[in-house]
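Got the model open in your viewer? Let's walk through a few spots, one selection at a time.

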Amino acid sequence: MTYKNILWDWNGTILNDTPVAFESTNILLARYGYPQITLDFYKDNMETPVVNFYAKIFDLQKHSMDQLDAEWCVLYNELSPKITLHDGAKAFLRTLHDKGFHQAVLSAFQTEIIEDYAKRFGVDLYFHKILGTRNIVAESKTLRGKAYMAENHLNPRETLYIGDTVHDFKTARDLGTDCILFSQGQQSPGLLRTCGVPVCETYAELMAAIG
């Protein structure tokens, strides 16, 4: 398939923040007296919505999900100086930009925060648009993606969605686009392979898959 457009997930796919997300989770578990989890457990059990994951590791009858989420976000922000891009991500984004691909970020993360990270790592100019959220009660990635594709006349058959979760695969399916999943993010290769689409471990593999 020849693609002209790439829709990117952000967290875990371009931004290598899974180690910080994992560390924040274990700090929060320790704070409330729960046992620590391994990275393998984290990646095998993470899912969307995240409350389903929290229900596996916290007693949500004892703790408010809103409070846990708020505390986790504080920990994540405190640890955020450790966050980097995935190896090869910046070079790949630049290559696609130079080849004339239309690239946009489609994420459940806050738009302003993604924009800050994109500028920090020098990749902001490679995206036509960053489609994050701007408020707590945000419409779905699918609705935002469909609206953006319609406004910019992006043909689903010429569009590829790249993400790192089963939820990203479902988003791509709902958008009518092809999908490639990246296994160095939030979920394990085993979970991703259940989707039946290509799963890449490195950006070199992503580049080869797109051609």
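Start by selecting strand 5, residues 129–133, in this predicted model. This strand is mostly covered, with four of its five residues buried.

Now add strand 4, residues 102–110. It runs parallel to strand 5, and four bridges join the two. To see one of the pairings, pick Val 105 and look across to strand 5: its bridge partner there is Ile 130.

How do you get from strand 4 to strand 5? Which helix belongs to the unit they make? Show helix 6, residues 111–120: together with strand 4 and strand 5 it makes a right-handed β-α-β unit.

Next stop, a pair of helices. Select helix 3 (residues 50–57) and helix 4 (residues 65–79). Their axes come within 11 Å and cross at roughly 95°. An angle of 65 to 115 degrees counts as roughly perpendicular, so that is how helix 3 and helix 4 sit relative to each other. Turn on side chains to see who meets whom: Val 50, Val 51 and Tyr 54 come from helix 3, while Met 65, Leu 68 and Trp 72 come from helix 4.

Last stop: Ser 188. You'll find it in the loop between strand 7 (178–182) and helix 9 (189–193). Is Ser 188 buried or exposed? Its relative accessible area is 8%, and the cut-off for buried is under 20%, so Ser 188 counts as buried. Leaving aside residues up to four places away in sequence, Ser 188 touches Lys 43 and Asp 44. Zoom in on Asp 44, whose side chain makes a polar contact with the side chain of Ser 188 at 2.8 Å.

Methods: Residues numbered from 1 in each chain as written. Predicted model: local features only at pLDDT ≥ 70, side-chain atom pairs only at ≥ 80, totals over all residues. Heavy atoms only, no water. Buried < 20%, exposed > 50% of the residue type's maximum accessible area, 1.4 Å probe, protein only. Polar contact = N/O pair within 3.5 Å; in protein donor to acceptor, adjacent residues only side chain to side chain. Contact = heavy atoms within 4.5 Å. Pairing = 2+ DSSP bridges. Right-handed = clockwise from strand over helix to strand, strands pointing away. Axes fitted to C-alpha atoms, helices over the stretch in contact; angles between N-to-C directions. Parallel < 35°, antiparallel > 145°, perpendicular 65-115°, else oblique.
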